[in-house]
Amino acid sequence: MLQDQLLKKQSEPALIPISGARPSSKFGNRIDPFSGELGFHASVDFIPHTGTDVIAAASGVVLADQFHPQYGNVTDPGNGLSTRYGHASVLAAKAGDIV
């Protein structure tokens, strides 16, 4: 039971994935940049410089590493949340990797 609790805690995002980065778009209601209308943004976005290392904000097993037409190169760490690391210039983690 303690091991399960530890694994669950480690899979909860607790780190900012980009060192020194500030959010460019916060979680919650905002004006959608595509429609211009109020909409719910269910994520936090960061804008790093090209080539900046990105780390996993939580532990997990990578479910996918692929190109997405809206997000570019995407890694999904599969920690039970819908977490995407998109617009990456290089994907270091591959499907099945433990992060």
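Start with the lining of the largest pocket, which by class is made up of 29 nonpolar, 16 polar and five charged residues. The model on your screen is a predicted one, and the pocket in question has a volume of about 1,800 Å³. To find its centre, select Val 44, Asp 45, Arg 84, Tyr 85 and Gly 86, which are the closest to that point among the 50 residues of the lining.

Next, colour the elements that give two or more residues to this lining, namely strand E1 (23–25), strand E3 (38–41), strand E4 (45–46) and strand E7 (85–88). Of these, E7 deserves a separate selection, since the largest share of the lining, four residues, comes from E7.

**Ser 25**

From there, move to Ser 25, which has its place in strand E1. Is Ser 25 buried or exposed? Its relative accessibility is 10%, and because buried means under 20%, Ser 25 counts as buried. Show the side chains around Ser 25 and two polar contacts can be traced: one reaches the side chain of Arg 30 at 2.5 Å, and another, of 3.4 Å, joins the side chain of Ser 25 to that of His 41. If you leave aside the neighbours within four places in sequence, the residues in contact with Ser 25 are Arg 30, His 41, Ser 43, Val 44 and Asp 45; of these, Val 44 and Asp 45 were already selected as residues closest to the pocket centre.

**Ile 31**

Now select Ile 31, which is found in strand E2 (residues 28–31). With a relative accessible area of 54%, Ile 31 is exposed, whereas Ser 25 is buried. Not counting residues up to four places away in sequence, Ile 31 touches Gly 36, Glu 37 and Leu 38. A distance label drawn from the C-alpha of Ile 31 to the C-alpha of His 41 should read 8.9 Å, for two residues that are 10 apart in sequence.

**Asp 65 and Lys 94**

For the last stop, which residues form the salt bridge? The structure holds one such pair, and the partners to select are Asp 65 and Lys 94, with their closest N and O atoms 4.0 Å apart. The pair links distant parts of the chain, with Asp 65 in strand E5 (residues 64–68) and Lys 94 in the segment after E7, 29 residues apart. In general, side chains of opposite charge can pair when their charged atoms come close. Switch on a surface to view both partners: Asp 65 is partly exposed, with a relative accessible area of 26%, and Lys 94, at 40% relative accessibility, also counts as partly exposed.

Key. Residues are numbered from 1 along each chain as its sequence is written. This is a predicted model: local features need pLDDT of at least 70, side-chain atom pairs count only at pLDDT 80 or more; totals for chains, interfaces and linings use all residues. Side-chain values use heavy atoms; hydrogens and water are left out. On a 1 Å grid over the protein atoms alone, a cavity is a set of points where a 1.4 Å probe fits but cannot get out, and a pocket is an open set with protein on both sides within 12 Å along at least five of seven lines; lining residues have an atom within 4 Å of a point. Grid points are joined across faces, edges and corners, and a volume is the space filled by probe spheres set on the points. Ala, Val, Leu, Ile, Met, Phe, Trp, Tyr, Cys and Pro count as nonpolar, Asp, Glu, Lys and Arg as charged, and the others, Gly among them, as polar. Buried means under 20% relative accessible area, exposed over 50%, partly exposed in between (1.4 Å probe, protein chains only). Contact means heavy atoms within 4.5 Å. A polar contact is a pair of N or O atoms within 3.5 Å; within protein, one must be able to donate a hydrogen and the other to accept it, and residues adjacent in sequence count only if both atoms are side-chain atoms. A salt bridge is a side-chain nitrogen of Lys or Arg within 4 Å of a carboxyl oxygen of Asp or Glu.
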